[in-house]
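Let's take a walk through this fold together. Have the sequence and the model open side by side, and follow along as we go.

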Amino acid sequence: MSRIAYLNGNLYTMDAARPRAQALAVERESGRIVAVGDNEEVRRAAGAQAELFDLRGKTVLPGFIDAHIHLQATAYRSHDIDAAACTSADEVAQLVRERAARTPLGEWVVGSQWDRNRWPGRAFPTRAVLDAAAPEHPVALWSKDGHLLWVNSLALERAGISAETPDPPGGAILRDGSGQPTGILQEGAAMELVARLIAAPSPSLACQLLEETCAALLRSGITAIHDIEDRGVYELLASLRTEGRLPLRVRMILQRHPLPELRAGLLKADEEDALLRIGGIKIFADGTLGSQTAAMLESYEGSPSNYGILATPEEQMRTLVREASELDLIIAIHAIGDRAARVALDAIELAQHQLAGQGGSMGRRLRYRLEHVQLIHPSDLERMHRLGVIASVQPYHAVADRDIAERYWGARHRQAYIYRTMHERGIPLALGSDAPVELFEPLRIIYAAVKRTDPESGRPSWLPEQVLPLRAALYGYTLGAAYAGAEEDDKGSLSVGKFGDAVVLPEDPFQIPPERLVSNGIQATIVGGLPVYGEV
């Protein structure tokens, strides 16, 4: 079998048994590592016919694994209206007006990324603004965090939403003083009333956008992702996989609770696939900070009646977690507010007790994860450690959310985004981006983890006592993320038997100032031993 050898490098393997090395060899057919060590060891293992690459002293890390991304939503951002740069509702309306002018009458105008927290007054926008911009098109615009949907009157009419429409469980229809819908729908259950009416792009366009986004991820050094989306996205990725157009590894964590499908065998169908696997389910415990729908133990600052929204009722949460545990799945629970974290941990603890009572134990694939875990009560933090729950966090949120955390949580903000505390308590960390909510560039996100600011902002570190050590941040983006995906035997470190996925950096990140982490750049990305981006 042919082999590929990378020599004369500076390897940080993330393998405790051999943390540093000079070279590695990969078997071309399987894409797995067959040797890690010094040049001579690897040359011997690779054989005389091996293809050789000279790293010339450059640094090699395991390929980055984004433990929390929404791939299709990220891909669609380039196709739909992108309101991220807008600083007012009127600016968003202008984008809508321009898109409507080139859209056939009656067809949907859709977009995302608006953020009222960046606007003067920070008030929720209304349908009237969109009515003026596109009176003959239904309009649906998702907020930056994806937990609010801003629609116009025609969209409400098509969805049958009126003053008489009750709030669906786990969601809310914002209303004006006379009880009429304002045009803002909060959380999935309410947003789905409109979203289900919007036709998806054609499969060919969707696959094209997914393929382009995968290429961008590779350019950022990402070789694997945990994609948190629905069955439809999985089917599109499966078609790319069949056609040989899926260039990185995808661990699907399906939302919308598809437990019957998983029981029926979908999980086993691709268990051995090296590129595309289904691994678990996503459950929403609450909303988000920016939308003020994160579920709180105490009310929001300045809003004594607002405790957020518990998106999944407690009894349903307990049932879902128990049933998923019995299927030996990854259970990723979106929990941003401290009440949401408590409800999630209550369900996890109960499920663990029930499994133990049935004579069971934590299976090979079973992982309990809290996604985001932006605010958590100290007693629940201790419980998180005791229960072995993974903190799947996105360090750039601590940069992007600093102002609204102080505004909406008041003094509680000092206990928010406590990544260093989690690390020191021994809570497993998995790092990711939450794209398209935030950017997906690992080096910039790692900088956010170790400096608690953005290099271009000029702002000082926010809560600097919570910075992560660089090694911990890199671990969370590699082996920590692999563990969170129940794939630590295949990914996350440069170890014999694992996939030969790696990233090449021009300079050693441990030997340069943190300010140069981002500009250090990605020289090359390697998947299964083969360079797929850049030059080695």
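What follows goes from a sheet to the aromatic pairs, then to the cores, a helix and a few strands. Keep in mind that this is a predicted model.

Start with the sheet. Its 6 strands run in the order 3-2-7-22-23-24, the sheet is open, and the pairing is mixed. Look to the edges and you'll find strand 3 (20-21) and strand 24 (530-534), each of which pairs on one side only. Further in, strand 7 (residues 59-62) meets strand 22 (residues 502-505) in an antiparallel pairing with 4 bridges. If you want one position to pin that down, take Leu61, whose bridge partner in strand 22 is Val503.

Now for the rings. Searching the whole structure turns up 7 aromatic pairs. One of them is Tyr6 with Phe53, a stacked pair with 4.9 Å from centre to centre and 10 degrees between the planes. This pair ties together distant parts of the chain, since Tyr6 belongs to strand 1 (residues 3-7) and Phe53 to strand 6 (residues 51-54), 47 residues apart. Are these two rings buried or exposed? Tyr6 is buried, at a relative accessible area of 3%. Phe53 has a value of 18%, so with the cut-off for buried set at under 20%, Phe53 counts as buried too.

Elsewhere, ring pairs join Trp114, Trp119 and Trp150 into a cluster. Arginines sit over ring faces as well: Arg116 lies over Phe124, 3.9 Å from the ring centre, and Arg32 lies over Phe499, at 4.0 Å.

Next, the interior. The largest nonpolar core takes in 109 residues, and the ones with the most contacts inside it are Phe64, Leu237, Val321, Ile333, Leu370 and Trp409. Helix 11 (residues 338-357) contributes the most to this core, with 9 residues. Zoom in on Val321 and, leaving aside residues up to four places away in sequence, you'll see it touching Ile283, Ile331, Ile333, Ala347, Ile348, Ala351 and Tyr368. There is also a second, separate core of 20 residues, and Val92, Val109, Ala133 and Trp150 are among them.

Helix 12 (residues 378-387) is worth a closer look. Its buried residues include Asp380, Leu381, Arg383, Met384 and Leu387. Where do they sit around the axis? They span an arc of only 165 degrees, so they end up on the same side of helix 12. Among the elements covering these buried residues are helix 11, strand 19 (367-372), strand 20 (390-393) and helix 15 (419-424). After helix 12 comes Gly388, with a positive phi near 70 degrees.

Finally, go back to Trp150, which sits in strand 12 (residues 148-151). Leu148 and Trp150 point one way from this strand, Leu149 and Val151 point the other way, and all are buried. Strand 12 has antiparallel partners. With strand 11 (residues 139-143) it pairs over 3 bridges, and Ala140 stands opposite Val151 there. Strands 11 and 12 make a hairpin with 4 residues between them, and in the turn Gly146 has a positive phi of about 75 degrees. With strand 14 (residues 181-186), strand 12 also pairs in the antiparallel sense over 3 bridges, and here Leu148 stands opposite Gln186.

Methods:
Residues numbered from 1 in each chain as written. Predicted model: local features only at pLDDT ≥ 70, side-chain atom pairs only at ≥ 80, totals over all residues. Heavy atoms only, no water. Pairing = 2+ DSSP bridges. Helix = DSSP H or I, 4+ residues; strand = E, 2+ residues; numbered from the N terminus. Phe/Tyr/Trp six-rings, centres within 6.5 Å; stacked < 30°, edge-to-face > 60°. Buried < 20%, exposed > 50% of the residue type's maximum accessible area, 1.4 Å probe, protein only. Lys NZ or Arg CZ within 6 Å of the ring centre and 35° of its normal. Core = buried A, V, L, I, M, F, W, Y, C linked by side-chain atoms within 4.5 Å. Contact = heavy atoms within 4.5 Å. Arc of directions from axis to C-beta.
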